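I opened the notebook with two topics to look up: the cysteines and a strand arrangement. My entries follow in the order I worked.

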Amino acid sequence: MAFFPYRLARRVCWPAATRGWRMFATTVASRPIIVHKLGLDILKDPWFNKGTAFPITERDRLDLRGLLPPIVLTAQQQIDRFMVDLNRSQVNARDGPSDNISLAKWRVLNRLHDRNGTMYYKVLIDYIEELAPIVYTPTVGLVCQNYSGLFRRPRGMYFSAADRGEMMSMVYNWPAEQVDMIVITDGSRILGLGDLGVQGIGIPIGKVDLYVAAAGIHPQRVLPIMIDVGTNNERLLKDPLYLGLQQRRLDGEEYLAVLDEFMEAVFTRWPTVIVQFEDFQSKWALKLLQRYRNTYRMFNDDVQGTVAIAGLLGAVRAQGRTMIDFPRQKIVVAGAGSAGLGVVNAARKTMAKMLGDNESAFESAGRQFWVVDAEGLITDERPGIDTETLPFARKAKEVGLLGLREGSSLIEVVKKVKPDVLLGLSAVGGLFSKEVLEALKDSTSVRPAIFPMSNPTKNAECTPEDAFSILGEQILFASGSPFKAVDLGNGKFGHCNQANAMYLFPGIGLGTLLSGARVISDGMLQAAAPCCIYERRGRSRRNNISPNFQDT
């Protein structure tokens, strides 16, 4: 039903009974009614909500700017979106038939969230192990890919490049007087799916749900936020149903200006809030962390590498070695994006601390890593190497002693290095081919660790079936997305462990909140990694889980 609200005189002195309300008149057929609502109250009311059909003028009058994606759709476009979504259910999703089941569960949960938030969070808390893969990885990847079609009611806030100069007032459109946790993304590197633009809002939504379910933070004090600075995804730029700004991504000083204005606005209204940056492309992830970390309470666990550290330390234990042996682990890393370099940086710092925490220790730790990207092994001879990658490049003369060179393939590196750990953060599904896994048979470790950590499931560098069938039951396997255990026959199973940030970031946020820490340092996140190991070890023993990697 169409309606045309307009603001009555804002400074009129209303009778005492109505004082404090800002009142609006709306026309229903020929009969006007008074609407005592603004902002989210209108969006949550199915009678008055028009969703993305609110024009900009109405969004300003009704305090809706920032509470909806920036695009304005006609009623017919909304109908078209609904029909596309309805027809999509008749076709298998990209990852296979099982994805339709996961997406159907997500829809059911989402509708429950729309109707009854209290029940939603109770169900999520009581069945967290079963539902975490639905509200977060791997299903959230599929949700983000299709978010323009799945969008029904807004969650969180949207700040866009078109809102420059307005953000300080926009933050007051959010109704909560106090917010403890904010998760933001610019949609530039969603999981291993690349640039999904405004559709990346699914990641912050999933993460704040886990802050509620796992950290116990009040649901009215968490806030998912999308920073829409455009997209370079050609498909989205041409998609008439896309909900975000259909323009190329801002870059350079223009990009930073949007982020600066946003951070200032958020911390002006909520000075003690904690902001988690999530899934920013490698070009900006580390720069933004360094830009804001000493001024605002914020962190980026992609860059700071917490989960991988827990997994790497756990692998040392599972291999029957002591923690002091960690600096002697040889680690081949496939992937040089923000996550890959973040892991190497965090692991190198952890090793250096064990070796004395000095310059010599840091150099020694750096020699334990071999980073391979799409162009092969990264050395200091790489033409045009960027400043973010250079610190992780091996010296060409050193690798030459092993028969390697700049650009050596992943197979060559695994054969020559004989690593203890093969770590996948490339977002290239199947990268750990049969040949690569065969090469790992010569590892100097009796129990080599394989970590295909890329999400969602289709981007995993290998499956547990591939790894166990080629390397046997002695390997340690952990992946970013959940897999079922592999039946090896004779009553034996290959256990598939999940190495995912959801085991750590809720605790990091809660710990910062309770401690009142003003800066979230790398040391704090590195201290969280061993705690994750010990907690999971204790839980495994309590549940009588067979000893394998999950025992760490």
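**Entry 1: cysteines**

I looked up Cys496 and found it buried, at 16% relative accessibility. The model is predicted, so I read this as a computed value, set against a cut-off of under 20% for buried. I then checked Cys462, which is buried too, with a relative accessible area of 2%.

Which cysteine sulfur is nearest to that of Cys496? I found that of Cys462, 9.8 Å away. Cys496 is in no disulfide. I ran the lookup from the other end as well: for Cys462, the nearest cysteine sulfur is that of Cys496. A disulfide needs the two sulfur atoms within 2.5 Å, so a separation of 9.8 Å rules this pair out. Cys462 is therefore in no disulfide.

How many disulfides does a search of the whole structure find? I noted zero.

**Entry 2: the sheet**

I turned to the strands. Five of them form an open sheet, with parallel pairing. I wrote down the order as β4-β6-β5-β7-β8.

Which strands stand at the edges? I noted β4, residues 157-160, and β8, residues 298-299. Each has a single partner strand, so one side of each lacks a neighbour in the sheet.

I looked at the β8 edge. β8 pairs with β7, residues 274-277, in the parallel sense over two bridges. Across this pair, I found Gln276 opposite Phe299 of β8.

I moved to the β4 edge. Here β4 pairs with β6 over four bridges, again in the parallel sense. Tyr158 has Met226 of β6 as its bridge partner.

**Entry 3: strand β6**

I followed β6 to its pairing with β5, residues 181-185. Five bridges join the two strands, which run parallel. Thr185 stands opposite Met226. Met226 had already turned up as the bridge partner of Tyr158.

How does the chain get from β5 to β6? I traced it through helix α10, residues 202-215. This β-α-β crossover is right-handed.

Last, I checked burial along β6, residues 222-228. Seven of its seven residues are buried. I sorted them by face. One side carries Val222, Pro224, Met226 and Asp228. The other carries Leu223, Ile225 and Ile227. Both faces of β6 are covered.

Note on methods
Residues are numbered from 1 along each chain as its sequence is written. This is a predicted model: local features need pLDDT of at least 70, side-chain atom pairs count only at pLDDT 80 or more; totals for chains, interfaces and linings use all residues. Side-chain values use heavy atoms; hydrogens and water are left out. Buried means under 20% relative accessible area, exposed over 50%, partly exposed in between (1.4 Å probe, protein chains only). Two strands pair if DSSP finds at least two bridges between them. A crossover is right-handed if, with the strands pointing away from the viewer, the path from the first strand over the helix to the second runs clockwise.
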